[in-house]
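This report covers pockets and a bound ligand. Look at the model first, then read on.

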Amino acid sequence: MNQLKQRLGRGYARFATNVAVRLPRLWPLVRPLVRKQFDLLAPVWDSMRSPDAFAPFGAALATVDGPVEAALDVGTGTGAAALAIAERFPTARVVGVDIAPEMVERARQKTRDRGKLSFEVGDASALPYDVASFDLVTAANMIPFFDELARVVRPGGTLVLAFSLGPQTPIYVPPERMRKELVARGFTEFAEIQAGRGTALVARKG
Ligand SMILES: C[S@@+](CC[C@H](N)C(=O)[O-])C[C@H]1O[C@@H](n2cnc3c(N)ncnc32)[C@H](O)[C@@H]1O
């Protein structure tokens with residue numbers, strides 16, 4: 001029964017990703033179930049992650065030169081990627097945003113004493129941040145809302161999109177599709193990375 005639930009959950013995540021990337025205006029229809037799904041997964045999320053889940057994210061992050069004074073991790077879940085950014089750029093202000101309040105609560109509990117790291121509930125399709133307000137924006141295993149990602153990265157800033165299991169990741173967008181969407185929004189330099197069982201795309205905004 002649990003396996004069936006997991007398969008249905010992965011299937012819905014894939015479906016929601018396709019809707020959001022191809023028909024972003026329909027996102028409000030799939031959003032409630034996505035939020036519910038991840039609220040329910042929050043208590044067990046960390047135990048579901050394999051040890052190499054952040055290998056592609058870490059490898060991508062290692063290529064980012066900086067300066068990074070402000071960074072945003074979108075769809076942060078329990079905050080692992082945001083924490084990795086805070087460790088790589090200790091002086092940066094790092095924000096993790098997620099639509100599922102239960103995920104955000106767990107991220108906050110894990111990182112209580114990290115002054116420059118904070119977590120907020122918010123929807124990646126309408127981020128509550130100003131234009132060009134981040135030097136670095138990341139999303140790991142997260143549906144990319146390209147308009148909003150491009151809006152909040154500053155010119156010359158960097159975007160990292162990582163998928164723990166490459167094409168096997170339930171939430172996954174192929175690199176050629178991501179490049180096409182990002183070129184159309186002013187990104188000019190790209191690097192594709194493979195690490196562990198996963199992949200990442202690093203993109204720089206012109
Ligand atoms: C597969 S999990 C990945 C979590 C984390 N980045 C990781 O790799 O462990 C996807 C996360 O994205 C969040 N999410 C999905 N749609 C979102 C949206 N529109 N805005 C913000 N967060 C969203 C979910 O609540 C969930 O926590």
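How do the residues of the shell around the ligand divide into nonpolar, polar and charged? They divide into 12 nonpolar, 5 polar and 3 charged. Here Ala, Val, Leu, Ile, Met, Phe, Trp, Tyr, Cys and Pro count as nonpolar, Asp, Glu, Lys and Arg as charged, and the others, Gly among them, as polar.

## Basis

This is a predicted model: local features need pLDDT of at least 70, side-chain atom pairs need pLDDT 80 or more, and totals for chains, interfaces and linings use all residues. Residues are numbered from 1 along each chain as its sequence is written, and side-chain values use heavy atoms, without hydrogens or water.

## Ligand shell

The ligand is surrounded by 20 residues (each with a heavy atom within 4 Å of it). The closest are G75, D98, D123, A124 and A140. Helix 2 supplies the largest share of this shell, 3 residues. Helices (H or I, at least four residues) and strands (E, at least two) are DSSP runs, numbered from the N terminus.

Three side chains make polar contacts with the ligand (pairs of N or O atoms within 3.5 Å). A polar side-chain atom of D98 lies 2.6 Å from a ligand oxygen atom. For W45, the distance from a polar side-chain atom to a ligand oxygen atom is 2.9 Å. An N or O atom in the side chain of D123 is 2.8 Å from a ligand nitrogen atom. Taken alone, the ligand exposes 590 Å² (Shrake-Rupley method, 1.4 Å probe). The protein buries 98% of that.

## Largest pocket

The ligand sits in the largest pocket (more than half of its atoms lie within 2 Å of the pocket's grid points). A pocket is an open set of points on a 1 Å grid over the protein atoms alone, where a 1.4 Å probe fits, with protein on both sides within 12 Å along at least five of seven lines. Lining residues have an atom within 4 Å of a point.

The volume of the largest pocket, the space filled by probe spheres set on the points, is about 1,200 Å³. Its lining has 50 residues; Q37, F38, L41, W45 and M48 are the closest to its centre. Helix 1 gives the most to this lining, with 8 residues. By class, the lining has 29 nonpolar, 13 polar and 8 charged residues.

## Second largest pocket

The second largest pocket has a volume of about 210 Å³. Of its 14 lining residues, A20, P24, F145, F146 and D147 are the closest to its centre. Helix 7 (146-152) gives the most, with 3 residues. The lining divides into 8 nonpolar, 1 polar and 5 charged residues.

Key
Polar contact = N/O pair within 3.5 Å; in protein donor to acceptor, adjacent residues only side chain to side chain.
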